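Here are my comments on the model you asked me to look over, written as numbered points. I have kept to the contacts between chains and to one sheet.

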4 protein chains.
Amino acid sequence: MSSIWGNKIKISVFGESHGTAIGVVIDSLPPGEKINLSEVKLQMNRRRPIDENLSTSRAEEDNPEIISGILNETTTGTPLCAIIQNKDANSQDYSSKEFMLRPGHADFTSYIRYKGFNDFRGGGHLSGRLTAPLVFAGAICKQILKRKGIEIGSHISSIENISDKLFDPIYLKSSLLKTLSSSRFPVISSKVRKKMEEKILEIKTQGDSIGGIVECAIIGVPAGIGNPIFSSVESKISSLVFGIPGIKGIEFGSGFRSSKMKGSENNDEFIFKNGKVQTLTNNHGGILGGISSGMPIIFKAAFKPTPSIAKTQKTVNLKSGLPCKLNIKGRHDPCIAVRAAPAVEAAASISILDFLI
Amino acid sequence: MSSIWGNKIKISVFGESHGTAIGVVIDSLPPGEKINLSEVKLQMNRRRPIDENLSTSRAEEDNPEIISGILNETTTGTPLCAIIQNKDANSQDYSSKEFMLRPGHADFTSYIRYKGFNDFRGGGHLSGRLTAPLVFAGAICKQILKRKGIEIGSHISSIENISDKLFDPIYLKSSLLKTLSSSRFPVISSKVRKKMEEKILEIKTQGDSIGGIVECAIIGVPAGIGNPIFSSVESKISSLVFGIPGIKGIEFGSGFRSSKMKGSENNDEFIFKNGKVQTLTNNHGGILGGISSGMPIIFKAAFKPTPSIAKTQKTVNLKSGLPCKLNIKGRHDPCIAVRAAPAVEAAASISILDFLI
Amino acid sequence: MSSIWGNKIKISVFGESHGTAIGVVIDSLPPGEKINLSEVKLQMNRRRPIDENLSTSRAEEDNPEIISGILNETTTGTPLCAIIQNKDANSQDYSSKEFMLRPGHADFTSYIRYKGFNDFRGGGHLSGRLTAPLVFAGAICKQILKRKGIEIGSHISSIENISDKLFDPIYLKSSLLKTLSSSRFPVISSKVRKKMEEKILEIKTQGDSIGGIVECAIIGVPAGIGNPIFSSVESKISSLVFGIPGIKGIEFGSGFRSSKMKGSENNDEFIFKNGKVQTLTNNHGGILGGISSGMPIIFKAAFKPTPSIAKTQKTVNLKSGLPCKLNIKGRHDPCIAVRAAPAVEAAASISILDFLI
Amino acid sequence: MSSIWGNKIKISVFGESHGTAIGVVIDSLPPGEKINLSEVKLQMNRRRPIDENLSTSRAEEDNPEIISGILNETTTGTPLCAIIQNKDANSQDYSSKEFMLRPGHADFTSYIRYKGFNDFRGGGHLSGRLTAPLVFAGAICKQILKRKGIEIGSHISSIENISDKLFDPIYLKSSLLKTLSSSRFPVISSKVRKKMEEKILEIKTQGDSIGGIVECAIIGVPAGIGNPIFSSVESKISSLVFGIPGIKGIEFGSGFRSSKMKGSENNDEFIFKNGKVQTLTNNHGGILGGISSGMPIIFKAAFKPTPSIAKTQKTVNLKSGLPCKLNIKGRHDPCIAVRAAPAVEAAASISILDFLI
């Protein structure tokens, strides 16, 4: 399978960047869940371009049309399908370059995978635009989770060498997550935002792009969800997060840092607090043995720099079989990590809801 | 589901650390594949304790009994089941401590998940011992992949701050992978091994443990396997790798480093070489858009330090509801990353074969 | 899961009878398959009402809009989504009767299943109208199968006590299947059609409805597809066929009749013919041990009479908790078996293609 | 996939008729369920040969060894594996006939499917012996269902033209199901048993075999389980029932008979009874729209006659490419339907539990 995910909740994503529309079918949502469509729209807007400086100038409205599964603003329990029209696709940017492989893109791999029959325009089905239906699905799941006391938020924890404060892994407030989760440039420290924006602009002026890291937190998940071995919380979240284009790594809790730690440093001491078993520190990132501990679940996802850059790049022409030079015009974000935060939250929301129903 | 993995090939792992036996069912292997059982045994031996200094002294023979699916040393194509007896289980080490939550372990989370009914002895089904059937399954898949020109190997790329040389992401030799994949302490630079062993011993003497990183490479995978979005090569590998106890992070190609890179640095230039499209560098780690590029697939997995340490730790007693001090006796590895390399290779082998049949 | 089916090819059906639209996502189709949309349309027309006498007068055009997955009339290999607008829904027929349970319908079971939140109008997601996207998906698969030398067709083998000739299980011609598969009232013996139409009209005049049996054949399937035990050809076909509303039974080859036969009668003798292993008779219906034998695959599906009838029926009112009398107006087929033939062929087409890719 | 089934509960069956052992892994059972192993053994005994006259004389003890997943006679919630040794396999019966295709058997289809590498002895993985692990799994599920007020039983409703009384589809007593479910020759009318036994003996004396029908009932299932379209109760049960060798058809409620009925006859009137919505008749077999109605779920499965008969049969020799005559010795049941009843109940038990957790 390719574009269907899930065990209980199933998400089927479809569409191409420059086709008629993109969309999603969400199967097995619980019935009777009130859905606030303006909140869904807010999440979708976070994924849309911010302004002409910081992001692509392709200006899709991203207005999801609900085809099925919602009646009287409430889930029916049968499959929810939503369609998002592609209105501002600009295919002529691609036509002449069809066979010039864009470095860092999937032009070559998808050409081989689909034997040349895939819709290559704007990346087709492999475009970052396909995160729009993911964000839609995540926004639906998020509202259902909120009713269960679960809150999810993320921030841009670093861009190049500029780092935001990290989440407090113990005293993580729901109010902070709510604020971040409605921001179009989510950072904990407001001073950092300005620095990051300046860095992105600087990079853009160079005709280049830059990577970044998104840190995501999930609070309110009860202890005991997830499974050992193959269906761990980490397995499920990572299998979905790696569906977001541009992600090159994921780590939970102390993550890669734990590889340099001693057991006596990394182990989290158990305590009783408010009548519940908790841990004094949270290097385990809320998951032990693949199962939630009740502590905040915290993970980081690393985004590579946008592969589409204005600088001239060397590559090959698949048709002529010759080396060539490529100038990408089009309209591209200098830093995909910024608009990716809602997609990461969506992946987290869907994963957690999948465990809970 | 919990202990079944896969889309085409299905791996069903069962058993508890101190039960009768552990084992695995491998469903949908292709028929007619010759299986060299001594090579399988070699992989299983790599996972077994090395010596009393560097690893646990629990000395299981780990002799897999083939129950079904192999006839005349050849796969029949029907489910292959193998059983590994537990002979050296030492349950009395656990009896008195049943309700003292071991920090860094899944005692608490599995207690909640299974409502107290799980076999807690030695971690039960959540024990690192369950990597034995995984390694068995991986060793079977590896032999089938080898016949398709695919070679998989890994090494301990770092322990604390001691780092081995990394894989050459372009000129990666099959001979190196073969050597590593038969070593019980796989490192590229032999000088590093001594330093690592000294570090592990030093840590052990302190009654402590240490983390590490395993770097794994897969060469010979043809371009065009894998899928965009949810069934990407990264999604599949990570969903299986996170089934190995102790893993806290995974990254592909330039991974977390890419978050600090510019597009012009991270993009890999396409070239024609030997009549094939290749890349000049390999920051993409052999995967673009979730699909293999034909370049070596390279990923790193971060292992936390062994949670079982000899030092006295503070924790709580789940039964009494009181804080307590815990001294873990038992027999434990000071660094799980060492014996984990074959498990990581196994996860890679199974994932790749799952895409190829 | 509810409305997603499949192992390799995945079919996700969505929509409600009186909602905006219904549709389907087909995931994992092979790339590069030419699709003739007028042939698809022909299959969809077969499912549409024939005339005012023999079927409902709800006159949907059933024009599928391809949203994704097809470029230049060729499959791209990425998910194919098609939408069919609901234009002639007539919801006022239902409004006043919301809580009067229609006998033979799923009003009560879906009310409980979805806690009252489902779209009840016209059966909502459980409506026979949902066979339209199934027929669409089947028509796509059928064209791909045809290129592999596989032909699928069906006929109305009986309505009440009027029986058509059965398929010759050995000498089954591709031309017959093609003719049937483009007919809106598929029968082998043309004389039978008239009798059946008269019977249906007679029943309709009584304000009643009638059941029927559809016999379906698949020729050209190579020997060796399918699996023993849980993923047999029978398991796969039946799991999909029972997704068609109104089906109460399925049998393969000699089916229920075999329960009265002796082994010496039911066993099919093997012979060599045209250099291939074949059988002299075909009681096994083309499947032995869950695996295709290369002989025609033949099965029958029994349809119950349309539950919506014009006669007054006794039932209960779920709201008032009182018995009541129900007169169903609406527009309904007197015999669903007639329009069901293309749905059965679709189920067969999808199932077989799922085994072949 | 081939020998793994399930959505929530997963059953993985392995082993070959003449290999070391056969067995099953049951994944995702709820923790804390007390399992009475002697009741499990009772079900397994029902599947074993009755006496030398009515069944094969291969006398396996079928003693399941629990490898994992049960501690203190209680499910742990982690995978339950059980192994059943093959002790009385008699492979020399097969050796000389390896390439003579037994009519009605899967020798040819499995030879093609597995490219000649499968274990052909006694049918290998495709043997009826593989119903032993299915019956084991079903017996575990049945005990869990009983605690939820659900009772499952079946009887031999016909052998050739000798018919037992059918289940009363409304007033079906749990005591009757219990009695049947512990009988080795389950029939409702005791007089019928004698006639059936005589018929079987008569057929056996002729060197022949005979088919039969098993009727199965499930009572106590609450209204509202199952799903419309592809994951209906019928889809799930039939996908598992067709995993039992020898089954050629399945029907629910009025089944094939409904194809001859009028809507006014087949529709079941809704009534209020004991404060609950019920139906006055039960032609729907407890399922409407794929969802349970709370009425008894009733289905019939048709078994073909045992393909192994003592009569000389004409067939071909796959090696020589010549026609030949075959005399099957071995030890075979003259009527598989008799011993199949517990397998049908097992399939029903597993299916229903899969919906309930």
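The points below take the interface of chains A and B, then that of chains A and C, and then a sheet in chain B.

1. Please keep in mind throughout that this is a predicted model, and that every value quoted here is computed from its atoms. Local features are given only where pLDDT is at least 70, while the totals for chains and interfaces use all residues.

2. The contact of chains A and B draws on 98 residues from chain A and 98 residues from chain B. Together the two chains bury about 7500 Å², and carbon and sulfur atoms account for 64% of that area. Within chain A, the residues that lose the most area to chain B are F230(A), K248(A) and F270(A), which together make up 12% of what that side buries.

3. As to the polar side of this interface, the count of salt bridges between chain A and chain B is zero, whereas 32 residue pairs are in polar contact, both residues being at pLDDT 80 or more. The element that gives the most to the side of chain A that touches chain B is strand β11 of chain A, residues 247-252, with six residues. Sorted by class, that side of chain A has 43 nonpolar, 40 polar and 15 charged residues.

4. Strand β11 also deserves a look for its pairing across the interface, since β11(A) is joined by three bridges to strand β11 of chain B, residues 247-252, and the two run antiparallel. Which residue of β11(B) is the bridge partner of G249(A)? That partner is E251(B).

5. On the symmetry of this pair, a turn of 180° with a shift of 0.0 Å along the axis lays chain A on chain B with an RMSD of 0.0 Å, and that is the relation of a two-fold axis. Of the interface residues of chain A, 100% are also interface residues in chain B, so the copies meet through the same surface.

6. Turning to the other interface, 37 residues of chain A are in contact with 38 residues of chain C. These two chains bury about 3000 Å² between them, with 67% of it on carbon and sulfur atoms. Across this interface the rule finds zero salt bridges, and the count of residue pairs in polar contact, both at pLDDT 80 or more, is six.

7. Which elements give two or more residues to the side of chain A that touches chain C? They are β2 (10-15), β3 (21-27), β4 (65-68), β6 (74-75) and β7 (80-85) of chain A, and β2(A) gives the most, with five residues. By class, this side of chain A has 15 nonpolar, 16 polar and six charged residues.

8. Chain A can likewise be laid on chain C by a turn of 180° and a shift of 0.0 Å along the axis, with an RMSD of 0.0 Å. Here, too, 100% of the interface residues of chain A are also interface residues in chain C, so the copies meet through the same surface.

9. Lastly, in chain B five strands form an open sheet in the order β1-β2-β3-β7-β4, with antiparallel pairing. Its edge strands are β1 (4-5) and β4 (65-68) of chain B, each of which pairs on one side only. Within the sheet, six bridges join strand β3 (residues 21-27) to strand β7 (residues 80-85) of chain B, and A21(B) stands opposite Q85(B) in β7(B).

Methods: Residues numbered from 1 in each chain as written. Chains lettered and ligands numbered in written order. Predicted model: local features only at pLDDT ≥ 70, side-chain atom pairs only at ≥ 80, totals over all residues. Heavy atoms only, no water. Contact = heavy atoms within 4.5 Å. Buried area = accessible area lost by both parts, 1.4 Å probe. Salt bridge = Lys/Arg side-chain N within 4 Å of Asp/Glu carboxyl O. Polar contact = N/O pair within 3.5 Å; in protein donor to acceptor, adjacent residues only side chain to side chain. Helix = DSSP H or I, 4+ residues; strand = E, 2+ residues; numbered from the N terminus. Nonpolar A, V, L, I, M, F, W, Y, C, P; charged D, E, K, R; others polar. Pairing = 2+ DSSP bridges. Least-squares fit on C-alpha atoms with pLDDT ≥ 70 in both.
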